[in-house]
Amino acid sequence: MSFQRPGTGFTPAVPCSDEVGGLACALADADPVEIIATALRTVGPGQLCLVSSFGTESAVLLAYAAQVDRSIPVIFLDTGWLFEETLAYRDTLQAQLGLTDVRSIQPDAERVAALDAGRELWFSDPDTCCRIRKVEPLARALDGFDGWLNGRKRYQGGLRASIPVVERDRARLKFNPLANLDRVGVEAAHKAFALPDHPLVAKGFTSVGCMPCTSRAAAGEDSRAGRWRGKGKTECGIHTLLSTV
Ligand code: SF4
């Protein structure tokens, strides 16, 4: 699929003379396929994975990655609190895009039994719930990889508003191939790839995570406004807390 360079003029915060900054500067206006192909060349085949929630905005990154290499491992965090529709969407996209290595990762059963036997941690301490169900399992799943792809976009705002195309994540490189796209660009790609919507989009959900922490966003709200509503929490920690595991 052809893609028009967004030409965002975004300037990475790290100097271009820095190793990672140089890559970020070189890819500052690159399209998603260029970024993914460069990521694969940079870290090497078998060393790059993609992390996906198979949520409402996940399909476009998966489709671009499939254009580059359908065998890139896709890590999916099955927290034990996901909607059945999300599990079905994972299977639909896997089949449609021909993804050959989708890995569904579960939390450590002993950690969950010790800290959340009553399944109420999402309410009493959502940060710890995300830690044992998402952050710790992802840290384990990323062992053995030198780089990972994720689908954050700057237009999503908050901590995402200033993400570069590539950044360092402990010993790994972390690529944000969709960082440069705006909402119109993502929607255009979704249509051009003929991707199905997440089944809950038709029921009014603009962003979907775990059941207890997902609600519909009202008209005019940010797409992620329905996540952890009323909790003062906007991120699960996989982009902010991996280094603490
Ligand atoms: Fe727990 Fe909610 Fe985080 Fe899911 S999103 S891991 S249910 S706090």
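**Exercise 1. Two residues with positive phi**

Task: Locate Arg-170 in the fold and state its backbone and exposure properties.

Solution. In this predicted model, Arg-170 is found in the loop between β5 and β6, the latter covering residues 172-175. Its backbone has a positive phi of about 50°, although Arg-170 is not a glycine. The relative accessible area of Arg-170 is 34%, so the residue is classed as partly exposed.

Task: Carry out the analysis for Arg-119, which is not a glycine and has a positive phi.

Solution. Step one concerns position: Arg-119 lies in the loop between α5 (109-115) and α6 (121-124). Step two concerns the backbone, where phi is about 55°. Step three concerns exposure: Arg-119 counts as partly exposed because its relative accessibility is 36%.

**Exercise 2. A buried acid without a salt bridge**

Task: Determine which side chain of opposite charge is nearest to Asp-169, and how far away it is.

Solution. Begin with the location: Asp-169 belongs to strand β5, residues 166-169. Asp-169 is buried. The nearest side chain of opposite charge is that of Arg-170, at 4.4 Å. A salt bridge requires a side-chain nitrogen of Lys or Arg within 4 Å of a carboxyl oxygen, so Asp-169 has none.

Next, examine the other surroundings of this side chain. The side chains of Asp-169 and Trp-148 are joined by a polar contact of 2.9 Å. Leaving aside residues up to four places away in sequence, Asp-169 touches Trp-148, Lys-174 and Leu-242.

**Exercise 3. Strand β1 and its neighbours**

Task: State which residues of strand β1 lie on each side, and whether they are buried or exposed.

Solution. Strand β1 spans residues 48-51. In a regular strand, side chains alternate between the two faces of the sheet. Leu-48 and Leu-50 are on one side of β1, with Cys-49 and Val-51 on the other. All four are buried, and both faces of the strand are therefore covered.

Task: Identify the strands that are joined to β1 by bridges.

Solution. On the one hand, β1 runs parallel to strand β4 (residues 147-149), and 3 bridges join them. Within this pairing, Cys-49 has Trp-148 of β4 as its bridge partner. Trp-148 is also the residue whose side chain makes the polar contact with Asp-169. On the other hand, β1 pairs with strand β2 (residues 74-77) in the parallel sense over 2 bridges. Here Val-51 stands opposite Ile-75. The connection from β1 to β2 involves helix α3 (residues 59-68), and the three elements make a right-handed β-α-β unit.

**Exercise 4. Continuing from β2 to β3**

Task: Describe the side-chain directions in β2 and its pairing with β3.

Solution. From β2, Val-74 and Phe-76 point one way, while Ile-75 and Leu-77 point the other way; all are buried. Strand β3 (residues 102-105) runs parallel to β2, with 4 bridges between them. Ile-75, which stands opposite Val-51 of β1, also stands opposite Arg-103 in β3. Helix α4 (residues 84-97) completes a right-handed β-α-β unit with β2 and β3.

**Exercise 5. Salt bridges across the chain**

Task: How many salt bridges does the model contain, and which parts of the chain do selected examples link?

Solution. The count comes to 9 salt bridges. Three pairs and one network are treated in turn.

1. Arg-133 and Asp-116 form a salt bridge in which the closest N and O atoms are 2.6 Å apart. Arg-133 is in helix α7 (residues 126-142) and Asp-116 in the loop between α5 and α6, 17 residues apart. Both partners are buried.

2. Asp-143 and Arg-172 meet in a salt bridge at 3.7 Å, N to O. Asp-143 lies in the loop between α7 and β4 and Arg-172 in strand β6, so the bridge ties together parts 29 residues apart in sequence. Asp-143 is exposed, with a relative accessible area of 56%, whereas Arg-172 counts as buried at 8% relative accessibility.

3. Glu-167 and Arg-152 meet in a salt bridge at 2.8 Å, N to O. Glu-167 is in strand β5 and Arg-152 in the loop between β4 and β5, 15 residues apart. Arg-152 is buried, with a relative accessible area of 6%.

4. Arg-111, Arg-131 and Glu-136 are joined into one network by salt bridges that share partners.

Key:
Residues are numbered from 1 along each chain as its sequence is written. This is a predicted model: local features need pLDDT of at least 70, side-chain atom pairs count only at pLDDT 80 or more; totals for chains, interfaces and linings use all residues. Side-chain values use heavy atoms; hydrogens and water are left out. Buried means under 20% relative accessible area, exposed over 50%, partly exposed in between (1.4 Å probe, protein chains only). Lys and Arg count as positive and Asp and Glu as negative; His and the chain ends are not counted. A polar contact is a pair of N or O atoms within 3.5 Å; within protein, one must be able to donate a hydrogen and the other to accept it, and residues adjacent in sequence count only if both atoms are side-chain atoms. Contact means heavy atoms within 4.5 Å. Two strands pair if DSSP finds at least two bridges between them. A crossover is right-handed if, with the strands pointing away from the viewer, the path from the first strand over the helix to the second runs clockwise.
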